[in-house]
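User: Please take a close look at one part of this model, the sheet, and walk me through how its strands are put together.

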Amino acid sequence: MAGLNLAKCRKIVRAAFAKGKEMGLQPLSVVVLDQGGNVLAFERQDGASAGRFQIADGKANAAVMLGMPSSRAMERAETQAYAMNAMNGAYGGRFVPLSGGVLVKDKKGTIMGAVGVTGDTSENDAICAVAGIEAAAFTAEA
């Protein structure tokens, strides 16, 4: 299976946007990161509000840097706020512990990167991220 190449990233973004349209969501922004937190792709739909790159990037970074979906980072932030605060500092503020940062895994379970989606509720953002990841023939961990 090919890694997270540009064609796969584009498929992830298109499918996430399509899922958002199907669900009638607010305009979305989607970022795809590799396993080192490097941006491979980013797009925002017309009408998406300002600052959405930073939020999508922060959700994806929370997932890839901790090796867990950002929804689990959010749960941890509720019980260990000091730990999440420290993580955000360690990663230069590129850490948003809200649902919508989803791990991208290959068929063997290896983390290939993460997708961050923002624009609607965090739960809906995660649904769109999963749709994009699965459309590109990867496994999503939300």
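Analyst:
**The sheet and its pairings**

Val104 stands opposite Gly113 in β4, and this pair is a convenient place to enter the sheet of what is a predicted model. Five bridges join β3, residues 101-105, to β4, and the two strands run antiparallel. They form a hairpin with five residues between them, and in its turn Gly109 has a positive phi of about 90°.

Gly113 also has a partner in β1, for it is the bridge partner of Asp34. The antiparallel pairing of β1 (residues 29-34) with β4 (residues 111-118) extends over six bridges, and within β4 the residue bridged to Val32 is Val115. As to its surroundings, β4 is mostly covered, with seven of its eight residues buried.

Taken as a whole, the sheet is open and antiparallel, its five strands following the order β2-β1-β4-β3-β5. The edges are occupied by β2 (39-44) and β5 (139-141), each of which has a single partner strand, so one side of each is left without a neighbour in the sheet. Neighbouring strands are turned against each other by 20° on average, with direction ignored. Helix α1, residues 6-23, packs on this sheet and touches β1, β2 and β4, while its direction makes about 150° with that of β1. Strand β4 is thus a partner of β1, a partner of β3 and one of the strands touched by helix α1.

Methods. Residues are numbered from 1 along each chain as its sequence is written. This is a predicted model: local features need pLDDT of at least 70, side-chain atom pairs count only at pLDDT 80 or more; totals for chains, interfaces and linings use all residues. Side-chain values use heavy atoms; hydrogens and water are left out. Two strands pair if DSSP finds at least two bridges between them. Helices (H or I, at least four residues) and strands (E, at least two) are DSSP runs, numbered from the N terminus. Axes are lines fitted to C-alpha atoms, for helices over the stretch in contact, and angles run from 0 to 180 degrees between N-to-C directions. Contact means heavy atoms within 4.5 Å. Buried means under 20% relative accessible area, exposed over 50%, partly exposed in between (1.4 Å probe, protein chains only).
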